[in-house]
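Please open the model in your viewer and keep a selection panel at hand. The stops below are taken in turn, each beginning with something to select.

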Amino acid sequence: MADTSDTRTPAQIEADIRRRRETLTETLDEIGVRVHPKTIVGDAKAKVAANVDHTIGRAYVQVNRVVSEVRAQFVDEEGAPRLERVVPVALVVVGVVGLLAFSTRRRKG
């Protein structure tokens, strides 16, 4: 059989009860804060913001990678332009702009 005798004094028992009440009060206050609608909304907003930040960060890295790859196509290791690639692209761009300008002039006249 378990020994059920308590060797504490009534003052010790009262002190234990007081400490337990304080602990329970703190716990209930914390629960009240956690389930408060403003706290729930704030937590949800923080999660959304974190996900958006993460997504934007991943997009930034991806765009930076693509820009670096395109730049590597048109610039050599020393930073000088690769004319064998720049000139044809420039000619195509000038041709497309010229065709667009010509087609819009023709429609007006």
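Begin by selecting arginine 19, which lies in helix 1. This is a predicted model, and every value quoted on the tour is computed from it. Arginine 19 has a relative accessibility of 48%, so it counts as partly exposed, the limit for exposed being over 50%. Now add arginine 85 to the selection and draw a line between the two C-alpha atoms: arginine 19 and arginine 85 are 66 residues apart in sequence and 79 Å apart in space.

With that line still displayed, zoom out to the whole chain. Its secondary structure comes to three helices and zero strands, and reading along the sequence gives the pattern α-α-α. The radius of gyration is 36 Å, well over the 13 Å that the globule rule gives for 109 residues, and the chain is therefore more spread out than a compact globule. If you orient the view along the principal axes, the C-alpha atoms fill a box of roughly 105 × 45 × 25 Å. Buried residues make up 1% of the 109 residues in the chain, while the accessible surface comes to about 10,100 Å², of which carbon and sulfur atoms supply 62%.

Colour the chain by pLDDT next. The average is 90, and 93% of the residues score at least 70; confidence is highest in helix 1, at a mean of 95, and lowest in helix 3, at 88.

Return to arginine 19 and show side chains around it. Which residue forms a salt bridge with arginine 19? The partner is aspartate 16, with the closest N and O atoms 2.1 Å apart. Both residues lie in helix 1, three residues apart, which is about one turn of the helix. Aspartate 16 also forms a salt bridge with arginine 8, and there the closest N and O atoms are 2.2 Å apart. Aspartate 16 counts as partly exposed because its relative accessibility is 26%, and arginine 8 is likewise partly exposed, with a relative accessible area of 37%.

Move on to arginine 82, whose place is in the loop between helix 2 and helix 3 (83-108). Is arginine 82 buried or exposed? Its relative accessible area is 19%, and because buried means under 20%, arginine 82 is buried. Leaving aside its neighbours within four places in sequence, arginine 82 is in contact with Ala72, Gln73, Phe74, Val75, Asp76 and Glu77. One of these, glutamate 77, meets arginine 82 in a salt bridge, at 3.8 Å from N to O. Salt bridges that share partners, for their part, join Arg8, Asp16 and Arg19 into one network. Glutamate 77 counts as exposed, at 71% relative accessibility, whereas arginine 82 counts as buried. The count of salt bridges comes to four.

For the last stop, select valine 35, which is found in the loop between helix 1 (10-34) and helix 2 (37-74). Valine 35 counts as exposed because its relative accessibility is 53%. Extend the selection to Leu28, Ile31 and Ile40 and switch on the surface: together with Val35, these residues form a nonpolar patch with about 390 Å² of accessible area.

Methods
Residues are numbered from 1 along each chain as its sequence is written. This is a predicted model: local features need pLDDT of at least 70, side-chain atom pairs count only at pLDDT 80 or more; totals for chains, interfaces and linings use all residues. Side-chain values use heavy atoms; hydrogens and water are left out. Patches are made of residues with over 30% relative accessible area and no salt bridge: like charges are joined within 9 Å, nonpolar side chains (Val, Leu, Ile, Met, Phe, Trp, Tyr) within 5 Å. Accessible areas come from the Shrake-Rupley method with a 1.4 Å probe; for residues, only the protein chains shown count as cover. Helices (H or I, at least four residues) and strands (E, at least two) are DSSP runs, numbered from the N terminus. Buried means under 20% relative accessible area, exposed over 50%, partly exposed in between (1.4 Å probe, protein chains only). Contact means heavy atoms within 4.5 Å. pLDDT is the predictor's confidence in each residue, from 0 to 100. The radius of gyration is taken over C-alpha atoms; the globule rule is 2.2 Å times the number of residues to the power 0.38.
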